[in-house]
Structure formats: C-alpha cells, structure tokens
Amino acid sequence: YSKEKQFRKLNEASRNTSFMQVIRRGKRSDVLAAELVVGDVLILTAGDRVPADGIFISGHNFHCDESALTGEPDLQPKLPGVYMKDGALVNEGYGTMLVTAVGEHSDSGKAQVALGSEPQEETPLQHKLDKMATLIGKVGLGMAVLMYVSVVIRFIICRAQVEGYAWKYEELQILLNFLILGITIVVVAVPEGLPLAVTISLAYSMKKMMKDQNLV
C-alpha cells in the first residue's frame, strides 16, 4: 500500500508540473497546474486535462472525455454554465473555464481525501510476503544463534585442551568478533527489501502488459 501511495504521489506531481494557459487579472500567462487559484480563467484546448473544478464559460465544439470520472464512454459536449470536474480530458475543440475549486476542495480531491482516511486492509499478496519475511527472519536468527554457540563452544574446548593455557584479554576480542558475525547473519537474513522487490517486479510486469495491450 505504501508503494501504491508513492506511485500516486508521483503521478500527481507529474500532473501538477504541467503548465496551463490562464487569464488572471486581465492578463494571459502560463501557470503551473498546482498554482491555480479560484477565480482564474482557464484556456483549454484538445489534449488538456482539466486540473480543477469550474464552470464552462464559452468555447467551440468543446467535448470532454469523463470516462475516468463517471464511467460514461461517450464524449460529453459542454455548454456555457455547465459544471466541469477535475480530471476530465478535453478531446475536441477549445474553450474557457472559470476555476471554482482546486486541490483537495475539488470533487476528485475530496474523494482522494476520503479514500486516504479509510483504513487499508492488507492484500493476500502482502499477507503472504509478511509471513514469508517473518519465517526467513526467524530461520536467520536461529542459524545465527546456532553458529555463535557452536563456534564459542569449539573455541573454549580448543583452549581448554592446552595444558597450562592462560586466558588473555585478546580472547574476549575473539568472542566479540564471533558475536558480531552472528549479528551480521541476522541483519543479512531479514528480507526488508522483499516487498519492495516484488512491487517493482509487478510494476514492470504491468507496464509490459500495458505495452502489449493485455491489461484489462
């Protein structure tokens, strides 16, 4: 879910970095979509995506694709005074629109806020990945403890077989190195990057399916 949120933020960021033609205070200029304010007059042409809610003022042969918002596949003609929603795609013509709501105050922004506030349940894939990561971590911890205990016992037995051997300070350093080795095994065994690796793999697979037109 966290990776999905990052993808959404990335798409939103790329969307907000596009420039829109705006009439503001009687002057025409190019403004970032993220910097639109209520009262701006947007100049929309074919290929533009409506970045805010507003009221259609005027235009010529102006049609929008609102299938992503309403599920309606047919192009919707717009007449003066018609309410337009954030996210609609201008398919034909050109026109102007008065901005009435931006960001989280728009209809799509309110929907995203509502979806973000709902508790998200783990998907079956995430649940299985968590179980696998926990199992691998436990196995790694067990192997680390077994390795540390075995090398310490072997070290003590080897030293004890030497008659008259006197323990030195350096022996503690060797035992500490054994402990560091065990901790290293635990750190390496915990698969923190497993969910990320699976997510990236799925993203590349989805991209390839979209390229092959196999994704429904």
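In the predicted model, His63 has Pro77 of strand E5 as its bridge partner, and this pair belongs to the antiparallel association of strand E4 with strand E5 (residues 76-77), which is made through 2 bridges. Strand E4 also runs antiparallel to strand E6 (residues 83-84), again with 2 bridges between them, and here Gly54 is matched with Met84 of E6. A further antiparallel pairing links E4 to E7 over 10 bridges, within which Ser58 lies opposite Thr96 of E7.

Two residues of E4 merit separate description. Asn61, which lies in strand E4 (residues 53-65), adopts a positive phi of about 50° although it is not a glycine. Most residues other than glycine have a negative phi. The relative accessible area of Asn61 is 44%, so that Asn61 is classed as partly exposed. Asp65, likewise found in strand E4, is partly exposed with a relative accessibility of 21%, a value that lies just outside the buried class because burial requires under 20% relative accessible area. When neighbours within four places in sequence are left aside, the contacts of Asp65 are with Leu75, Ala88 and Leu89. The C-alpha atom of Asp65 is separated by 6.3 Å from that of Val90, a residue 25 positions away along the chain.

Strand E7 (residues 89-101), in addition to its pairing with E4, is joined to E3 by 5 bridges in an antiparallel arrangement, and in this pairing Leu44 has Gly95 of E7 as its bridge partner. Strand E3 (residues 41-45) is in turn connected to strand E1 (residues 19-24) through 3 bridges, with the two strands again antiparallel, and Val22 stands opposite Leu42 of E3. Of the 5 residues of E3, 4 are buried, and the strand is therefore largely enclosed by the rest of the structure.

Strand E1 also pairs with strand E2 (residues 27-32), in the antiparallel sense and over 6 bridges, with Phe19 placed opposite Leu32 of E2. E1 and E2 form a hairpin with 2 residues between the strands, and Arg25 occupies a place in this connecting loop. Arg25 takes a positive phi of about 55° although it is not a glycine, and with a relative accessibility of 84% this residue counts as exposed.

Helix H3 (residues 107-117) includes Asp107, a residue that is partly exposed at a relative accessible area of 33%. Beyond residues up to four places away in sequence, Asp107 touches Asp53, Tyr83 and Lys85. Asp107 and Asp86 are 21 residues apart in sequence, and their C-alpha atoms are 7.1 Å apart in space.

Among the helices, H4 (residues 124-160) and H5 (residues 169-189) have axes that come within 8 Å of each other and cross at roughly 165°. Because angles over 145 degrees are counted as roughly antiparallel, the two helices H4 and H5 are assigned to that class. The crossing of H4 past H5 is right-handed. On the H4 side, the contact involves Ile136, Gly140, Leu141, Ala144, Met147, Tyr148, Val151, Val152, Phe155 and Arg159, which meet Glu171, Ile174, Leu175, Phe178, Leu179, Leu181, Gly182, Ile185, Val186 and Ala189 of H5. Classified by residue type, this contact between H4 and H5 comprises 16 nonpolar, 2 polar and 2 charged residues.

At the level of the whole chain, 6 helices and 7 strands are present, and their order along the sequence follows the pattern α-β-β-β-β-α-β-β-β-α-α-α-α. Of the 216 residues in the chain, 21% are buried. Among contacts in the chain with a separation of 6 or more, 61% are accounted for by residues 24 or more positions apart.

How values were computed. Residues numbered from 1 in each chain as written. Predicted model: local features only at pLDDT ≥ 70, side-chain atom pairs only at ≥ 80, totals over all residues. Heavy atoms only, no water. Axes fitted to C-alpha atoms, helices over the stretch in contact; angles between N-to-C directions. Parallel < 35°, antiparallel > 145°, perpendicular 65-115°, else oblique. Left-handed = near helix turned anticlockwise from the far one by under 90°. Contact = heavy atoms within 4.5 Å. Nonpolar A, V, L, I, M, F, W, Y, C, P; charged D, E, K, R; others polar. Buried < 20%, exposed > 50% of the residue type's maximum accessible area, 1.4 Å probe, protein only. Pairing = 2+ DSSP bridges.
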